[in-house]
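Q: Please take a close look at a single part of this structure, and explain how that part fits into the whole. I am new to the structure, so kindly state what each term means as it arises.

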Amino acid sequence: MKRLLSIIMLVTFAFGQEGDAQVASAQFGGSGLSELEIQTLYSRFLDELTKASDSPLMDAAAVNEQYDGDCITPECMKAGLDALAVQQLIAGTLNFSKNKYRVKARKLDASKTKPKKYSIRYKGEPDGFITELEILAWEMMGKEPPERLTGKRKPNQETFMEKIVESPYFGRTLVLAVAGTAGSSYLKNANGAKTSKDAADSMKGYKPGYDAHMDSYDKANQKATLSLVTALGAVAYGYFTGVFSEED
């Protein structure tokens with residue numbers, strides 16, 4: 001009987017611990033790094049997240065069995081929050097390319113419809129990036145990072161121009177500028193082509209004048225067509241390369 005009671009108490013304790021979990025964090029998806037490197041970096045993040053959280057975290061293995069950390073859309077995170085039955089879900093992606101680390105992290109509260117966005121853009125040594133990742137854990141929990149972390153921060157070596165050029169806003173602005181300029185050129189030349197065609201139609205009885213206006217019409221029409229193709233091409237490029245859907 002004592003053994004049975006002990007087993008019941010153990011099971012109750014185990015389920016009680018799981019049920020107390022209010023925060024779940026899925027392992028970040030990643031690219032440009034090995035699976036072991038991603039796991040190691042995420043472990044450092046998770047360690048600090050555990051320290052920063054006022055609520056217990058759901059077992060990481062259990063979270064990863066039910067949720068794919070690669071998907072950080074509002075729809076995915078809402079479904080994950082419901083499936084895990086927690087109050088907060090944290091997920092993100094970790095990428096490394098051109099000697100730069102990029103993190104996109106999201107935190108969704110059960111009372112919200114859209115996750116809160118966080119990001120890191122860092123160029124430098126791995127230990128400097130790890131510090132930024134650890135600080136991010138505290139910021140996502142709404143806490144001031146401890147001095148033991150902020151005191152060892154290393155400068156981000158990414159230049160101002162790199163930040164501008166690689167910003168999704170730069171890509172959007174460039175695509176929209178090209179499309180806008182081409183669209184304006186299309187309207188101007190299309191209007192010019194119509195004017196020349198009308199003038200040619202009014203001079204059908206005078207061949208030299210008719211030919212001259214038709215030649216002007218053909219040139220304006222060609223420019224209008226080229227401008228239209230350029231405008232549509234710019235918009236298509238932005239759509240298929242994800243320029244309009246990229247986030248900080």
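A: The accessible surface of the protein chain comes to about 14900 Å², and 59% of it belongs to carbon and sulfur atoms. Such areas are computed by the Shrake-Rupley method with a 1.4 Å probe, and for residues only the protein chains shown count as cover. The model is predicted: local features need pLDDT of at least 70 and side-chain atom pairs count only at pLDDT 80 or more, whereas totals for chains, interfaces and linings use all residues. Residues are numbered from 1 along each chain as its sequence is written, and side-chain values use heavy atoms, with hydrogens and water left out.

The protein chain has 248 residues, of which 36% count as buried. Buried means under 20% relative accessible area, exposed means over 50%, and partly exposed lies in between (1.4 Å probe, protein chains only). The chain contains nine helices and five strands; these are DSSP runs numbered from the N terminus, with helices (H or I) of at least four residues and strands (E) of at least two. From the N terminus, their order is α-β-β-α-α-α-β-β-β-α-α-α-α-α. Among contacts (heavy atoms within 4.5 Å) between residues at least 6 apart in sequence, 58% join residues at least 24 apart.

The part chosen for the close look is strand β3, residues 88-97. Seven of its ten residues are buried, so β3 is largely enclosed by the rest of the structure. Strands are said to pair if DSSP finds at least two bridges between them. Strand β1 (residues 23-25) runs parallel to β3 and is joined to it by three bridges. Strand β2 (residues 29-31) also pairs with β3 in the parallel sense, over three bridges, and here G30 stands opposite L94. With strand β4 (residues 100-109), β3 pairs in the antiparallel sense over ten bridges; A91 of β3, for instance, stands opposite R106 in β4. The hairpin of β3 and β4 has two residues between the strands, and K98 takes a positive phi near 55° there.

Q88 lies in β3 and is the bridge partner of V23. Because its relative accessibility is 19%, Q88 counts as buried. Beyond its neighbours within four places in sequence, Q88 is in contact with Q22, V23, A24, L81, K107, L108, D109 and M141.

M141 also leads to another region, since its C-alpha atom is separated by 9.8 Å from that of K51, 90 residues away along the chain. K51 is found in helix α2 and, with 52% relative accessibility, counts as exposed. Leaving out residues up to four places away in sequence, K51 touches W138 and R148.

Helix α2 (residues 35-52) packs against helix α5 (residues 126-140) at an angle of about 35°, with the axes 8 Å apart. Axes are lines fitted to C-alpha atoms, for helices over the stretch in contact, and angles run from 0 to 180 degrees between N-to-C directions. The crossing of α2 and α5 is right-handed, meaning that the near helix is turned clockwise from the far one by less than a right angle, while anticlockwise would be left-handed. From α2, L41, R44, F45, E48, L49, K51 and A52 take part, meeting F129, I130, L133, E134, L136, A137, W138 and M140 of α5. By class, this contact has eleven nonpolar, no polar and four charged residues. Nonpolar here covers Ala, Val, Leu, Ile, Met, Phe, Trp, Tyr, Cys and Pro, charged covers Asp, Glu, Lys and Arg, and the others, Gly among them, are polar.
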